[in-house]
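Me: Please take a close look at one helix and explain how it sits in the protein. Keep to plain terms.

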Amino acid sequence: MNTPIVDFLHQYANIDAVRLHMPGHKGKCFLGCEALDITEIAGADSLYEANGIIQESETNAAALFGSGRTLYSAGGSSQCVAAMLALAIRNRPPGTPPLILAARNVHKAFVHAAALLDFDIQWLWPEGDNDSLCACPISPGRLEKDLQNLTVPPAAVYITSPDYLGGMADIAALAEVCHDYHTILAVDGAHSAYLRFLSPSLHPLDQGADICCNSAHKTLPVLTGGAYLHIGKNAPTAFAEQARQAMALFGSTSPSYLILASLDLCNRYLSDHYPSRLSQMAQRLAKLKNQWSAAGWTMRPTDPLRLTIAAPQRLSGIALAKKLRQGGVFCEYADQDFLTMMFTPENSEDDLIRTTRLLGVNTAPAAFSAPLPPPRGKQILSPRQCLFAPQETIETEHALGRICADISVSCPPAIPIAVSGEQIGPEAIAWFRHYEISHVHVIR
């Protein structure tokens with residue numbers, strides 16, 4: 001597959017041009033990559049008005065992912081999440097409110113988009129209690145009940161799949177419910193780019209989602225910040241027509257050409273021998289999961305390229321991650337209860353052997369404590385009202401009854417406990433303690 005962006009950058013780097021344009025390094029080496037780091041000069045196209053090499057590369061990506069349209073992001077999935085929501089709100093049925101039904105384990109980019117776009121949120125909660133802030137399994141029956149209780153369809157139903165621990169939603173069944181109730185399914189599939197290249201495909205679009213985002217940099221050989229916005233072939237026509245405009249609302253007018261080049265080069269990578277290499281790694285990890293289970297570790301169900309361990313009684317996920325770091329193994333995420341590791345075909349057999357050796361044998365069962373009740377808080381103000389209001393930072397123990405302003409959680413996993421505009425209740429306080437969050441932002 002051709003690589004028009006990469007080819008242009010190398011051609012420009014090789015002509016000994018006098019660079020009387022941005023960036024200020026003028027192609028001279030400080031980090032070593034500057035010769036390929038350019039701006040929107042003649043022939044380089046422009047990400048938000050693309051009609052040349054960028055458009056050609058995005059068309060290649062759309063063919064690989066089987067989408068109706070695919071656009072590049074140099075601002076990660078956060079930019080794509082906001083664009084997805086803007087498209088859903090802008091194109092909702094006439095006379096219907098700007099409402100999104102969303103599973104609660106959203107990334108904080110979702111809440112920030114709610115503030116910027118000023119839409120209402122109705123949260124989807126799982127049946128029963130939940131064992132992690134990162135997970136929010138929604139059954140088709142649960143979704144249907146929530147949709148039945150609305151007088152008009154929402155602008156969209158929004159879920160995260162896979163979630164940060166690797167849990168995967170039944171997208172096909174959820175999409176069917178959405179379409180039965182005349183709404184669309186939008187998926188934050190930040191971790192799901194590679195799923196398209198399994199056999200059969202498990203990608204959200206192939207499972208029935210109307211629109212989704214993928215962080216290419218999370219599971220593919222793309223520089224950090226590289227992502228895709230995918231419009232499904234059966235999505236409303238306006239989505240594809242307005243997608244680039246929606247992306248421009250939330251993206252820098254100076255997107256990194258190094259990131260765009262890595263997305264471009266990834267097309268060739270995906271079209272070459274990637275599916276077979278991916279299949280081999282997925283099979284190897286399935287065996288590794290069984291091997292670790294036999295060694296006493298409790299493994300959580302995950303997507304094929306992720307292994308998540310439920311922490312044993314004698315060792316938290318944080319402590320287990322520290323043990324691995326001392327042996328040179330750095331994991332994706334750890335909290336008190338879980339340790340998550342992400343693999344790709346670029347990981348060697350030696351990587352797997354070293355990790356297995358460092359884990360060793362576990363003789364203690366997983367430390368499953370009583371699940372905390374969901375941190376449901378009464379919505380007092382909208383996210384928009386709160387994020388732009390005067391606020392202060394206080395200790396968590398003094399936050400009961402206060403109204404959450406900005407979200408007090410780091411990335412990863414960047415999933416809110418209390419959402420902007422909610423009154424902080426005792427359930428939220430318990431979750432703050434559980435995740436050792438000592439300070440929160442509240443309305444002053």
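Reply: What follows looks at helix H12 and its surroundings. This is a predicted model, in which local features need pLDDT of at least 70, side-chain atom pairs count only at pLDDT 80 or more, and totals for chains, interfaces and linings use all residues. Residues are numbered from 1 along each chain as its sequence is written, and side-chain values use heavy atoms, with hydrogens and water left out.

Helix H12 spans residues 349–359. Helices (H or I, at least four residues) and strands (E, at least two) are DSSP runs, numbered from the N terminus. Buried means under 20% relative accessible area, exposed over 50%, and partly exposed in between, with a 1.4 Å probe and protein chains only.

Five residues of H12 are named as buried: Leu-352, Thr-355, Thr-356, Leu-358 and Leu-359. They lie on the same side of H12 because they cover an arc of only 165° around the axis. The arc is that of the directions from the helix axis to the C-beta atoms. On the other side of H12, Asp-350 and Arg-357 are exposed.

The cover over the buried residues of H12 includes two helices, H10 (274–294) and H11 (317–326). It also includes two strands, E9 (306–310) and E11 (338–342). Contact here means heavy atoms within 4.5 Å.

Just after H12 comes Gly-360, which takes a positive phi of about 65°.

To sum up, H12 has Leu-352 among its buried residues, while Asp-350 and Arg-357 are exposed on the other side.
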